[in-house]
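Please look through the sequence and the model shown here before reading on. The paragraphs that follow lead from strands to cores, and from there to the ligand.

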Amino acid sequence: MSTHNTNFSTLFNSFKSVFKNANKEDDGKNQKDYGEVVFSSNYIPPMLHHREEEMKSLVSYFRSIITNPLASSRKVVLYGPVGTGKTLASRAFGNEIAVHLKNEHKIGNPVFRFFHVNCRKTKTPHLILTTILRQLIPGFPLRGFGVDELLRMFTLLLFEQNLVTLLVLDEIDYLIDDRTDFLYSLSRIEESPPIYESHYSNPTNINTESRFSLLMITRDKNFHHYLDSSTASSLGRNFIFFPPYTRNQLFDIIYARAELGLREECYNDELLEVIASLAEEYGDARFAIELLWKTGKLADKENADCIVPEHVRKAVVAVLPMEKSIIEELNCHQQLILLSIAKLLTDGQTKVTTPEVKQYYQQICEEASIRARRPTQVWAYLKDLSRLGLIKQEVENRHNQKGRSLGRVTTIKIRDIPVTDIIQSLNHLIED
Ligand SMILES: Nc1ncnc2c1ncn2[C@@H]1O[C@H](COP(=O)(O)OP(=O)(O)O)[C@@H](O)[C@H]1O
Ligand SMILES: [Mg+2]
């Protein structure tokens, strides 16, 4: 029977899309950048909106990479909630320097290399270093060397290949395995440069050059608490805050994205207003852009001529705010601990104490016949949850009514995300 074939080809031929470049009659040849790609998370837009101050600070910290590449090592931290443009700013900035230096390059000058590593995917110091080394030496083996050896090799290459490097450690909150030690070693990478041949001919070189700069990106404004004092002090005040976007700012961001990716006749400002106001609660540009994209997909699926606010309302359930996707990635016990906190907080309490959480967690483990983790592990998991910005731990001095000290307790609050949402997404762990 040929009906299937006929149906398919009619379908293909009649398919229309709200996205640029998706339609049969579109000529996509010179428009590689347009269409659905502009909604993908690694797309770098031609312009960053409302980040002038932050970019200015970045330039001022790292300017000497351009003006005087070997002058000093720079270390900077970008922090702020998800979707505030930290990753984008760092990548756009690194690419910008690379292009600039390439154009200006003269033989004999150091060569600039930019590495952007996402610690959510590349979680250990070992993997981070092999990833970098593989970019410098194609085919570098994945196994066989320890972290210290890899660090030495990297330092050696900086000199041997005459490099100036900028390493971005993005989502550093996910870095595991001796995080403090690793950051300590990185921050002092050049204090003990390897002996290499030209040192013998020119011993004055030693310790005078700086070829490595570090940009760390975190969601946690207390990030420096996890560093040892020497690393923390080498960071100084080099922190740049990325605040959540306002509704108008979100509007401008998606306005520009819509112009690049959507057919003009398929949307209007009112639609973008609806999306911007939904995203306002999180101040999260990722959420806004993803929502716009999903909304377009939904319109296409319904074969609609244009996107209307009703599509937004339907699409919004499919777009997870970042916090929810972070929760999904936690291990089972981290999730159970978070669930315990959420349950304890349902009856109007705003905070709980660590012992209360531990006890409740043990209880739900027992009820669900799961072996509870030891107290030290629970304590470590609580730290993970605060590192990821899901909870906030505070030490409080408690007093009785007469003002006598009752000692210190650690209290726990849940951040940014409604307790009921957490319970809703995690209850399945203990039900059935
Ligand atoms: N100022 C901006 N201008 C244009 N697009 C932006 C801006 N800030 C963020 N975006 C976009 O929003 C999404 C999330 O930004 P991202 O840099 O990943 O946030 P963060 O790293 O802070 O979580 C990305 O698609 C990014 O391109
Ligand atoms: Mg990011």
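Which residue in β3 does H116 stand opposite? H116 stands opposite V168 in β3. This is a predicted model, in which local features need pLDDT of at least 70 and side-chain atom pairs count only at pLDDT 80 or more, while totals for chains, interfaces and linings use all residues. Residues are numbered from 1 along each chain as its sequence is written, and chains are lettered from A and ligands numbered from 1 in the order in which they are written.

Strand β3 covers residues 163-170 (strands are DSSP runs of E with at least two residues, helices are runs of H or I with at least four, and both are numbered from the N terminus), and seven of its eight residues are buried, a word that applies if 20 or more other C-beta atoms, placed from the backbone, lie within 10 Å of a residue's own, whereas 12 or fewer make it exposed and counts in between partly exposed. β3 pairs in the parallel sense with β2 (residues 111-118) over eight bridges, pairing being assigned if DSSP finds at least two bridges between two strands. With β4 (residues 212-218), β3 pairs in the parallel sense over five bridges, and there L169 has M216 as its bridge partner.

L169 and M216 appear again in the largest nonpolar core, which has 39 residues and in which they are, with L78, L215 and I217, those with the most contacts. Such a core is a set of buried Ala, Val, Leu, Ile, Met, Phe, Trp, Tyr and Cys residues joined through C-beta atoms within 7 Å. A second, separate core of 31 residues includes V38, Y245, L271 and L291.

Turning to the ligand, 18 residues surround ligand 1, and G85, K86, T87, L88 and A285 come nearest (a residue is near if its C-beta atom, placed from the backbone, lies within 6 Å). The elements that give two or more residues to this shell are α3 (86-104) and α11 (285-301). Because domain 1 (17-43 + 245-319) and domain 2 (52-241) both give residues to the shell, ligand 1 lies between them; the domain bounds come from an automatic or database domain assignment.

Elsewhere, an open sheet of three strands has the order β6-β8-β7, with antiparallel pairing. Its edge strands, each pairing on one side only, are β6 (352-353) and β7 (391-399). Between β6 and β8 (residues 405-414) there are two bridges, and V352 has I412 in β8 as its bridge partner.
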